[in-house]
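I sat down with a new structure today and kept notes as I went. Here is the page, in the order I looked things up.

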Amino acid sequence: MPELPEVEGVVRMLKPVVEHKTIQRVIVSPVIYTSKEAGKEAIIKGQTPEQFIAAVQGMTIERIERHAKYIFFTMLKNGEQQLLVNHLGMSGAWFHVAHPDDVTEGKFHKHMHVMWQLADDEWLIYADIRRFGEMRLLHDIADYPPLLAMAPEPFDARASDYFLEKCAQRKYNNKAIKAVIMDGQVVSGCGNIYATEALFRTRIHPGRKVSLIEGEQLRTLFQEIVTVLTESIAFGGSSISDYRNINGEAGSMQHHLQMYGMKKCPMCHTNTEQQIIAGRNSFYCPNCQH
Ligand SMILES: [Zn+2]
């Protein structure tokens, strides 16, 4: 699943190539139409595919930014600004190519769901193998309340204090620390991989109750989350399963992980253990993490 560093990688690559370009033509895959007819909303949310096509065609991509694990496209059409909010779900990927046939990786090629033609020989294509990704066209951020509840960006100066304040609240105090750092209302953009790594580096057991961790240790944990995310951005993200950047390339952070997916602890060589926390499998070292 793409996490913050992977989404950041996509945004950094998209910015220089598609900002200020106009979407001349929109193609939506047959699967999206069938899903809508079946009463579901694969990928395109809150609109029919026809409405989405009519709205997006002719829009100019003014700006692309990342907020937590969302990609915000600020769009302009006929003097009106709208926000297209995209979440990559489990396996979403953007490809910037001269022609749709240039998306050569078979598993993505078969799952190209939203295609924007920017010029005769320029396409921006959203492919999504498992179709858990989302696109929402909003007049205002308030039209989609989950966006308002997001914690500040982890790199913001106030994010650490915000995290400590949340940890002190009764709502989070009694929960396992891993469940709390993976909650987007407490820490923005820290998913399973990076939560696992930050907890290992600070020697905290993922199942430990927040109330049993001292404030200073929580602050260190938050700093470690920021460090792990920063390192991963530098390595182009982790490609554990299907993550690809806009040129179809994988990241390399998976080679630098110390605990996620490991059989043995790299520090003490004890066999790692796993526990399900907040529905996600959590690796930890029973010897090093308490
Ligand atoms: Zn260990």
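The entries below go from the domains to the pocket, then to one helix and a few single residues.

**Entry 1: the model and its domains.** I note for a start that this is a predicted model. I looked up the domain assignment, and for this chain it gives domain 1 (4-147) and domain 2 (159-284). How far apart do the C-alpha centres of the two domains lie? I found 28 Å between the centre of domain 1 and that of domain 2. I then checked where the two meet: 21 residues of domain 1 are in contact with 17 residues of domain 2.

**Entry 2: the largest pocket.** Next I went looking for open space. The largest pocket comes out at about 340 Å³ in volume. It is lined by 19 residues, and those closest to its centre are Lys-69, His-87, Met-182, Gly-184 and Gly-189. I sorted the lining by residue type and got nine nonpolar, seven polar and three charged residues. Where does the largest pocket lie with respect to the domains? Both domain 1 and domain 2 give residues to its lining, so the largest pocket lies between them.

**Entry 3: helix α8.** I picked helix α8, residues 192-201, and asked myself: is it mostly covered or mostly open? It is mostly covered, with 10 of its 10 residues buried. The buried residues include charged ones by type, Glu-197 and Arg-201, and among the others I wrote down Tyr-194, Leu-199 and Phe-200. What covers them? I found α1 (4-18), α7 (177-181), α9 (215-234) and β11 (280-284) among the covering elements.

I stayed with one residue of this helix, Ile-193. Its relative accessible area is 4%, so Ile-193 falls under the 20% limit and counts as buried. I also checked its distance to Gln-254, which is 61 residues away along the chain: the C-alpha atoms are separated by 9.3 Å.

**Entry 4: two positive phi angles.** I looked for residues other than glycine with a positive phi and noted Arg-203, with phi near 60°. Arg-203 comes just after α8, in the loop between α8 and α9. Is Arg-203 buried or partly exposed? At 28% relative accessibility, Arg-203 is partly exposed, because the buried class ends at 20% and the exposed class starts over 50%.

Ile-43 also has a positive phi near 60°. Ile-43 sits in strand β2, residues 43-45. I read a relative accessible area of 0% for Ile-43, so this residue is buried.

**Entry 5: Thr-270 and who it touches.** Thr-270 is in the loop between α9 and β10 (273-277). I read 26% relative accessibility for Thr-270, so I put it down as partly exposed. Leaving out residues up to four places away in sequence, Thr-270 touches Lys-263, Lys-264, Cys-265, Cys-285, Pro-286 and Asn-287. Ser-252 is another matter: Thr-270 and Ser-252 are 18 residues apart in sequence, and their C-alpha atoms are 25 Å apart.

**Entry 6: cysteines.** How many disulfides does the model have? I count zero, because a disulfide needs a pair of cysteine sulfur atoms within 2.5 Å. I looked at two cysteines on their own as well. Cys-265 is buried, at a relative accessible area of 1%, and Cys-288 is buried too, at 14%.

Definitions and conventions. Residues numbered from 1 in each chain as written. Predicted model: local features only at pLDDT ≥ 70, side-chain atom pairs only at ≥ 80, totals over all residues. Heavy atoms only, no water. Buried < 20%, exposed > 50% of the residue type's maximum accessible area, 1.4 Å probe, protein only. 1 Å grid on protein atoms, 1.4 Å probe; cavity = no way out; pocket = protein on both sides within 12 Å on 5 of 7 lines; lining within 4 Å. Points joined across faces, edges and corners; volume = space filled by probe spheres on them. Domains from an automatic or database assignment. Helix = DSSP H or I, 4+ residues; strand = E, 2+ residues; numbered from the N terminus. Contact = heavy atoms within 4.5 Å.
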